Amino acid sequence: MSKLPMKTIATILFALFPLALHGAGLKPTSTTVGESFRNPVGYSLQDLSFSWQLPLVRNGTAQTAYRVVVASSADKLPDKADVWDSGKIDSPQSVKVDYKGPALRSRDRRYWMVKVWDEVGAEGAWSEVNHFEAGLMDNSEWKGQWISGDLPTGRKEYLFNRSSVPKGKKASYDFMKPAYLRKEFGASKEVTSARFYATAKGIYKASINGRQLDSRTQWVPGWTQHDIRLQTDTYDVTSLIQQGGNAIGVLVGDGWFAGQLHRKRRDNKKPWFLGQLEITYSDGTKEVISTDGTWQASTGPIVFGDIFDGEDYDANAEMPGWDKPGFNAREWTKPEVQDIDKAVALDPRRNQPVSEMQELTPASVKEIADGVFIFDMGQNMVGWPRLVDMPVEKGSVVKLRFAEVLRPDGTLYVDNYRAAISEDTYTPKEDGRITWAPTLTFHGFQYVEVSGLKKGEKPGVGNLKGVVLHNAMPMTGGFECSNEKINRLQSNIQWGQRGNFFSVPTDCPQRDERLGWTGDAQVFAPTSTFNMDVEGFFTKWLVDVNDLQDERGAYPNVAPFGVKNRGSGGWSDAGIIVPYEMYMAYGNTKIFEDHYDQMKKWIHFLRDHSSKNLIRMGFGFGDWLQPNSVSAQRSGKERGSDTPNALVGTAYHYRTTLMMEHMARVLGKEDDAKEFAALAQEIKVAFNRAFVGEAGRVDRNGKKTFTESQTAYLVPLSFGLLDEETAKLAAGHLVRKIKEDGSHLNTGFIGTPILTSVLARIGEVDLAYELLEKETYPSWLFTVNQGATTMWERWDAYSKEKGIHPARGNSLNHYAYGAIGKWLYASVAGLNYDERQPGYKNVIFAPIPGGTLTHASAWHQTPYGRASSAWKKSGDSFEWKVEIPANSTGTLVFPTRKLDSVKVDGDPVGAASMNLKSGNYTVTLKL
Ligand code: BGC
């Protein structure tokens with residue numbers, strides 16, 4: 001027996017004792033509700049479904065049945081589930097199993113468990129007990145009023161040191177100071193539970209008895225289309241309430257609601273807060289303390305706070321103990337009150353809040369002039385500086401300025417912040433050392449200039465930290481390969497995502513823009529799903545997008561905040577593409593169900609209002625920021641797109657109509673599916689008639705020819721707009737065009753994301769890798785060679801040779817060109833979702849080795865658990881390890897024609913691809 005290999009022993013044991021071996025220990029883990037929320041308090045109930053993962057205990061681990069039980073208290077589980085018992089359901093479904101019990105209401109707290117039966121029918125163990133609790137589901141649940149202070153105005157003066165404005169020119173504007181609000185109350189009896197519900201028109205920070213409700217959470221309630229919807233937060237504050245005197249303290253500032261973001265609209269709005277504390281006592285009685293005229297209002301040490309312009313903090317105005325009971329508030333006034341507007345929906349939060357995610361220590365600090373220090377974070381980042389034990393002296397104001405890049409003389413370059421002042425000040429009340437970070441602003445920066453410290457003191461790298469802020473989404477993926485520069489590119493992509501997933505997907509985090517541009521979001525969304533769990537983040541943002549659809553059906557170009565300009569090709573199409581991507585990455589059909597009618601309206605809008613003979617008209621950005629654009633050179637403009645707007649727009653109409661067809665089928669809407677299929681065919685015919693010329697050349701716009709561009713070929717090839725013959729010819733033209741462009745990419749926001757995938761698909765793998773590994777301008781690795789630590793808006797945002805690009809729109813933290821990230825995961829390492837079984841129910845493992853790479857690997861935390869793909873090659877020998885999560889399956893596509901050489905776990909396969917059950921496998925083959 002001892003001579004038998006382990007594999008054989010295991011097989012014998014399985015045969016002898018199948019149930020005993022299988023059943024033991026199969027216990028669901030990673031239990032979540034809705035869009036991956038773990039034990040949420042204040043849940044929206046919008047997608048009440050249950051998901052779990054199974055441990056991969058052996059190859060083939062899978063589920064054949066499940067049972068979910070839901071109860072009103074934990075002690076009733078699992079046997080006395082009084083709310084809902086699914087019973088044993090024969091089904092492999094372990095992701096988004098819908099709750100089918102009685103309807104739930106605001107505040108309902110429910111407990112749940114799940115167990116499964118494995119692939120041979122053996123019953124597993126119950127999961128841990130989980131819970132979820134509903135938020136306030138309706139405006140009528142809010143009993144109080146909006147409150148704010150009678151806020152004095154201040155005058156912001158600043159030196160406008162932009163190259164566009166004369167050096168040192170003084171400028172100023174009036175602003176309203178942030179409000180401090182407080183309320184004292186007594187709790188006479190023992191508290192069994194307490195919840196604080198809160199929201200703001202603006203952003204708030206709340207504490208009870210001097211303790212912040214959630215110290216990592218910032219910039220809440222987040223950005224929505226404020227005149228339509230506000231998110232609300234729920235906090236379990238049971239442990240913060242004490243018997244006797246208590247106090248609530250709230251700071252409320254402009255956020256995205258008022259301030260400089262709105263300057264062009266001349267709104268003079270002030271921020272407002274709405275809160276409701278609900279206490280349940282041990283004798284069963286309840287007490288509700290809401291915001292109303294009995295609260296107190298004041299200003300305080302934060303005298304100015306603005307998204308773009310920074311924060312001013314005056315320690316002389318500190319009010320020690322203002323958020324604790326017993327504080328002397330004699331000088332505080334009655335707040336201003338406003339009734340709750342029924343037209344603005346108050347909805348429980350659907351994404352994770354912006355939070356402090358990590359702290360960076362600067363790489364260096366240099367004194368560039370007497371008492372002026374520049375801290376280099378070593379990384380372009382988004383968030384705050386935190387001063388730590390920084391030496392200050394009374395009478396000297398500490399000033400913090402920020403930049404993404406330095407001028408050659410070592411001073412900050414701030415022109416690309418445009419009108420965003422982005423400066424913080426701290427006025428000390430005494431000599432000493434301070435630990436402080438701003439609250440009502442955020443910055444995008446690599447460098448922090450600090451001046452005004454105590455004379456003679458020289459701070460070190462330990463005196464400043466970089467606090468990284470973004471929505472609190474877990475990282476769910478990684479990619480690594482043998483080319484270190486590509487690894488830096490992957491890091492830059494992830495940092496671009498960290499910096500711009502800030503309440504909404506933004507174009508950039510530093511200048512006077514920071515908007516939810518739809519085009520940027522749709523090109524980057526697929527990559528973003530590999531890096532982080534973005535399901536809740538995009539689900540929430542898609543509500544913003546849908547909120548801004550106009551009566552005709554046009555989606556906005558920017559959401560929230562996008563009132564003007566709608567319907568642009570490749571931008572507004574995000575309203576269909578992003579939900580589709582959420583379906584692909586998470587198996588989420590709910591977004592489609594929720595917005596289906598609006599999506600359909602969009603497709604019809606394009607058909608009926610925004611096209612002529614199905615050629616999309618109207619405003620568009622074309623292949624935005626295409627480098628070396630001939631049309632820009634001709635017109636003398638700084639930028640231009642050789643690919644016509646109409647071509648991009650029509651192609652996207654086709655692509656999104658096909659997505660609608662797919663989703664209509666998934667949702668069982670067969671008639672709609674047929675309608676979309678027919679419309680797509682018509683668009684295809686119209687596209688070919690309008691844009692495709694002789695012999696597969698895509699260089700016509702109606703009757704006129706236009707300058708050929710890489711993107712004009714990439715788009716129809718990627719979206720499947722050409723018949724087989726034409727596609728072959730067009731592929732040839734694409735390759736020729738790339739060669740004519742010096743074997744460089746020459747693509748903007750639309751062409752770049754699909755460049756390598758199209759080349760690989762038409763058999764030009766070598767060219768795809770040549771472009772990926774290219775180090776001269778324009779290319780991804782050119783930016784890496786210039787020292788980039790994030791993705792840039794332009795291929796030459798900065799170069800060692802020429803310095804910073806002088807354009808006013810020049811962000812060094814723009815994620816759009818990071819859309820190559822999906823190709824790294826899906827094709828270089830070879831780990832992707834399967835469009836026919838989305839959400840990684842089946843994983844496609846199809847690496848395309850090439851270029852100089854000798855190894856590549858990727859992992860991704862799928863809804864079923866961890867999947868990974870790691871290959872290395874030496875000469876023509878290729879070794880590949882694959883991990884398929886439990887209850888999922890995998891399709892392996894072998895990257896070779898020498899099928900005889902392919903072995904999986906030592907067994908010959910002799911086929912080009914193979915379907916495998918969950919588990920770990922080793923593949924060897926000859927390339
Ligand atoms: C943004 C882009 C955006 C574009 C629209 C710019 O100002 O930064 O990323 O997509 O406008 O073309």
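The ligand is surrounded by D507, R511, E513, W517, D520, W571, F621, W624, F749, E793 and H814, where a residue counts as near a molecule if one of its heavy atoms lies within 4 Å of it. This is a predicted model, in which local features need pLDDT of at least 70 and side-chain atom pairs count only at pLDDT 80 or more, while totals for chains, interfaces and linings use all residues. Residues are numbered from 1 along each chain as its sequence is written, and side-chain values use heavy atoms, with hydrogens and water left out.

The shell around the ligand comprises five nonpolar residues, one polar residue and five charged residues. In this division, Ala, Val, Leu, Ile, Met, Phe, Trp, Tyr, Cys and Pro count as nonpolar, Asp, Glu, Lys and Arg as charged, and the others, Gly among them, as polar.

Polar contacts, meaning pairs of N or O atoms within 3.5 Å, include the following.

| Side chain | Distance to an oxygen atom of the ligand |
|---|---|
| D507 | 2.6 Å |
| R511 | 2.7 Å |
| W571 | 2.9 Å |

Of the 310 Å² of accessible area that the ligand has on its own, the protein covers 94%; areas come from the Shrake-Rupley method with a 1.4 Å probe.

R511 and E513, both in the ligand shell, are also among the residues that F308 touches (heavy atoms within 4.5 Å). Further contacts of F308 include Q260, L261, A420 and D512. F308 is located in the loop between strand 22 (302-306) and strand 23 (310-314), strands being DSSP runs of E with at least two residues, numbered from the N terminus. With a relative accessible area of 2%, F308 is buried, a term that means under 20%. The C-alpha atoms of F308 and W256 are 9.9 Å apart in space, and the two residues are 52 residues apart in sequence.

Technical notes
Helix = DSSP H or I, 4+ residues; strand = E, 2+ residues; numbered from the N terminus. Buried < 20%, exposed > 50% of the residue type's maximum accessible area, 1.4 Å probe, protein only. Polar contact = N/O pair within 3.5 Å; in protein donor to acceptor, adjacent residues only side chain to side chain. Lists of a residue's contacts leave out its neighbours within four places in sequence.
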